[in-house]
Number of protein chains: 2
Amino acid sequence: MEEQLQLQVIGVLHGDITSREDAPKNYDESERTGTLEIFPKYQDGLDGIVAGQTIVVLFWLHKSDRNTLKVHPRGDKSRELRGVFSTRSPARPNPVAISELKVIAADANHLEVSGLDILDGTPIIDIKKKIS
Amino acid sequence: MEEQLQLQVIGVLHGDITSREDAPKNYDESERTGTLEIFPKYQDGLDGIVAGQTIVVLFWLHKSDRNTLKVHPRGDKSRELRGVFSTRSPARPNPVAISELKVIAADANHLEVSGLDILDGTPIIDIKKKIS
């Protein structure tokens, strides 16, 4: 099997969370809003997404540590170290975050969304319909 | 922004689904079982995952078409073409699938799971705790 795979960056998040200290720990705890800018090359893929929907967005957490396999859950050092795959820690070999976001408005290549817990400037790698 | 990002393959799925025609359309419709083999280099990340849990697994759908931006939902040609980002189609620029799977058994670097809708031999790129 090939050992490395290439992701394409399809867009970028514009938001007001600029430090990890300021970020909510998970999307289910956030009312923060921002804009998903999808690069023109990929904008045909947005057809069918409308305001009011909840979408699943995959981000690439480009500031994360990719060499850590054990973490304290939620960064709480009083808790025992656990494998990253048993947590939602951003530190992991492939730092892909899954966010469920509500679409507030949509144009040809932008989606205004709420529910963000992700840093401004984070690359977007995929968007999917939520399974209801 | 860098336009391409490198994924690391952390493991591979062993299952009995060998053709797309045989695959359930979504994991919420499947009782199929199989084994996630995590490569030894990454096995410390599994610490804390136990039988009975539901986990979120990200697969890289290596047989998918990465150049398609519009599809007929669920492959039904009587339905209008829609943007891939408004669907769960495997065809998309970054063919990452999200599966929620139940852990039946776990050892140092294998997880036996149920709920699969993914082809045998598919690369695994991440495992996360399910947000309850």
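Let me begin with one term: a residue is called buried when its relative accessible area is under 20%. By that cut-off B:T87, at 5% relative accessibility, counts as buried, and I will come back to that residue after a look at the whole assembly, which is a predicted model.

I start with how the two chains are related. Chain B can be laid on chain A by a turn of 180 degrees with a shift of 0.0 Å along the axis, and the RMSD of that fit is 0.0 Å. That is the relation of a two-fold axis. If you look for the place in chain B where the C-alpha comes nearest to this axis, you will find B:Q6, at 2.4 Å from it.

Now to the interface itself. Chain A and chain B each give 52 residues to the contact, and because 100% of the interface residues of chain B are also interface residues in chain A, the copies meet through the same surface. Between them the two chains bury about 4,900 Å², of which 59% is on carbon and sulfur atoms. On the side of chain B, the residues that lose the most area to chain A are B:L5, B:F85 and B:I131, which together make up 16% of what that side buries.

There are polar links across this interface as well, with 28 residue pairs in polar contact between chain B and chain A. Several strands of chain B give two or more residues to the side that touches chain A, among them strand 1 (4-8), strand 4 (54-60) and strand 7 (96-106). The largest share, 6 residues, comes from strand 9 of chain B.

How many salt bridges are found across the interface of chain B and chain A? The count there is 4, while over all chains it comes to 10. One salt bridge pairs A:D47 with B:K70, with the closest N and O atoms 3.2 Å apart. In another, the side chains of B:D126 and A:R92 meet at 2.7 Å, N to O. This second pair crosses between chains, running from strand 9 of chain B to the loop between strand 6 and strand 7 (96-106) of chain A. Both partners are buried, B:D126 at 0% relative accessibility and A:R92 at 1%.

A salt bridge in chain B joins B:K130 and B:E100, at 3.2 Å from N to O. It links distant parts of the chain, since B:K130 lies in the segment after strand 9 and B:E100 lies in strand 7, 30 residues apart. Here the partners are partly exposed, with B:K130 at 34% relative accessibility and B:E100 at 27%. Through shared partners, salt bridges also join A:R92, B:D126 and B:K128 into one network.

Let me turn to the nonpolar side of the picture. In soluble globular proteins, nonpolar side chains tend to be buried together. The largest nonpolar core here has 72 residues, and the members that touch the most others are A:F59, A:I127, B:F59 and B:I127. The contacts of B:I127 include A:V84, A:F85 and A:R92 in chain A, and B:L36, B:I38 and B:L111 in chain B.

Strand 9 of chain B also holds B:I124, which is buried with a relative accessible area of 0%. Among the residues that B:I124 touches are B:L13, B:L36, B:V57 and B:F59. B:L13, for its part, belongs to strand 2 (residues 11-15) of chain B and is likewise buried, at 0%. Its C-alpha is separated by 5.9 Å from that of B:T35, although the two are 22 residues apart along the chain.

I promised to return to B:T87, which is found in the loop between strand 6 and strand 7 of chain B. Its side chain reaches the backbone nitrogen of B:S89 at 3.0 Å, and its contacts include A:K128 and A:K129 from chain A together with B:V71, B:R82 and B:R92 from chain B.

Last, a point about the backbone. Most residues other than glycine have a negative phi. Which value does phi of B:R74 take? It is near 55 degrees, a positive value in a residue other than glycine. B:R74 lies in the loop between strand 5 (70-71) and strand 6 of chain B, and it is partly exposed, with a relative accessible area of 46%. In chain A, A:R74 also has a positive phi of about 55 degrees.

Key
Residues numbered from 1 in each chain as written. Chains lettered and ligands numbered in written order. Predicted model: local features only at pLDDT ≥ 70, side-chain atom pairs only at ≥ 80, totals over all residues. Heavy atoms only, no water. Least-squares fit on C-alpha atoms with pLDDT ≥ 70 in both. Contact = heavy atoms within 4.5 Å. Core = buried A, V, L, I, M, F, W, Y, C linked by side-chain atoms within 4.5 Å. Buried < 20%, exposed > 50% of the residue type's maximum accessible area, 1.4 Å probe, protein only. Buried area = accessible area lost by both parts, 1.4 Å probe. Polar contact = N/O pair within 3.5 Å; in protein donor to acceptor, adjacent residues only side chain to side chain. Helix = DSSP H or I, 4+ residues; strand = E, 2+ residues; numbered from the N terminus. Lists of a residue's contacts leave out its neighbours within four places in sequence.
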